[in-house]
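Me: I'd like to learn how to read a protein model. Can we go through one together, feature by feature?

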Amino acid sequence: MILVSACLAGVNCAWDGKNKLNKEIKKLVDDKLAIPVCPEVLGGRSIPRTKTEIKGGSGKDVLNGRAKVLDENGLDVTEEFLKGARAALELAKKYSVTKVILKSKSPSCGVDYIYDGSFNRKLVKGNGVTTALLIKEGVQCLST
Ligand code: SF4
């Protein structure tokens with residue numbers, strides 16, 4: 001079984017209440033070959049919600065307590081992101097998931113690149129919080 005970012009499967013769970021539909025990902029879910037998951041919503045964030053970026057590092061740094069996730073108003077939402085990441089990991093374990101396909105650049109789901117915390121759409125190397133936790137636990141993380 002594969003885990004996928006829910007927004008890629010057409011679920012309207014992105015920060016703006018929209019989705020990031022990828023028809024191939026949606027087909028995997030429709031064919032019951034993949035499970036959609038939105039870590040931010042599982043962590044208690046609303047739909048729609050404010051934009052968020054990792055400040056001071058990457059998802060790995062957030063896991064280690066060295067960086068925070070802030071919203072565009074400066075509100076600290078790190079706990080929600082950690083809660084969502086743990087919930088996604090639980091799902092991965094429950095369904096013996098070994099591979100996930102995640103939405104690029106997200107502070108939760110980003111793989112390899114995320115925004116730098118300035119809200120100026122500047123990318124830096126690093127993974128989102130959920131991605132970092134899944135990788136730490138041995139799950140292969142791919143990006144669209
Ligand atoms: S947290 Fe992940 S699944 Fe949820 S909207 Fe953001 S990128 Fe999509």
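Reply: Sure! Keep in mind that this is a predicted model. Let's start with strands. In a regular strand the side chains alternate between the two faces of the sheet. With that in mind, look at how the strands are paired. Lys99, for instance, stands opposite Gln140 in E8.

Me: Which strand does Lys99 belong to, and what stands opposite Lys99 besides Gln140?

Reply: Lys99 is in E5, and Ile2 stands opposite it. Strand E1 (residues 2-5) and strand E5 (residues 99-102) run parallel, joined by three bridges. E5 also pairs with strand E8 (residues 140-143), again in the parallel sense, and there you'll find four bridges.

Me: What is the order of the strands in the open sheet?

Reply: Read across the four strands and you get E2-E1-E5-E8, with parallel pairing. Strand E2 (34-37) and E8 are the edge strands, as each has a partner on one side only. Neighbours in this sheet are turned against each other by 25 degrees on average, if you ignore direction.

Me: How many bridges hold E1 and E2 together?

Reply: Four, and the pairing is parallel. One spot to click on is Leu3, which stands opposite Ile35 in E2.

Me: Now for empty space. What is the general idea for finding it?

Reply: Rolling a probe the size of a water molecule over the atoms shows where empty space is left. Here, the count comes to one cavity of 30 Å³ or more. The space in the largest cavity is about 30 Å³.

Me: Which residues line the largest cavity, and how do they divide by class?

Reply: Leu3 turns up again, and the rest of the lining is Val4, Val37, Pro39, Ala88, Val100, Leu102, Thr130 and Leu134. By class, that's eight nonpolar, one polar and no charged. E1, E5 and helix H5 (129-136) each supply at least two residues of this lining.

Me: What about pockets: what is the volume of the largest pocket?

Reply: The largest pocket has a volume of about 560 Å³. It is lined by 26 residues, and those closest to its centre are Trp15, Lys20, Lys103, Ser106 and Pro107. Helix H2 (39-42) and strand E3 (52-55) are the elements that give two or more residues to the lining. The class split is twelve nonpolar, six polar and eight charged residues.

Me: Where does the ligand sit?

Reply: In the largest pocket. There are 14 residues around the ligand, and the closest are Cys7, Cys13, Cys38, Glu40 and Cys109. That shell is made up of eight nonpolar, three polar and three charged residues.

Me: One last topic, the backbone. What should I expect, and what stands out?

Reply: Here's the general pattern: most residues other than glycine have a negative phi, and most peptide bonds are trans. Now for two spots to look up in the model. Lys105 isn't a glycine, yet its phi is positive, at about 70 degrees. You'll find Lys105 in the loop between E5 and strand E6 (113-115).

Me: And which two residues does the cis peptide bond join?

Reply: Ile47 and Pro48, with an omega of about -10 degrees. To find Pro48, go to the loop between H2 and E3.

Conventions. Residues are numbered from 1 along each chain as its sequence is written. This is a predicted model: local features need pLDDT of at least 70, side-chain atom pairs count only at pLDDT 80 or more; totals for chains, interfaces and linings use all residues. Side-chain values use heavy atoms; hydrogens and water are left out. A residue is near a molecule or strand if one of its heavy atoms lies within 4 Å of it. On a 1 Å grid over the protein atoms alone, a cavity is a set of points where a 1.4 Å probe fits but cannot get out, and a pocket is an open set with protein on both sides within 12 Å along at least five of seven lines; lining residues have an atom within 4 Å of a point. A molecule sits in a cavity or pocket if more than half of its atoms lie within 2 Å of its grid points. Ala, Val, Leu, Ile, Met, Phe, Trp, Tyr, Cys and Pro count as nonpolar, Asp, Glu, Lys and Arg as charged, and the others, Gly among them, as polar. Grid points are joined across faces, edges and corners, and a volume is the space filled by probe spheres set on the points. Two strands pair if DSSP finds at least two bridges between them. Axes are lines fitted to C-alpha atoms, for helices over the stretch in contact, and angles run from 0 to 180 degrees between N-to-C directions.
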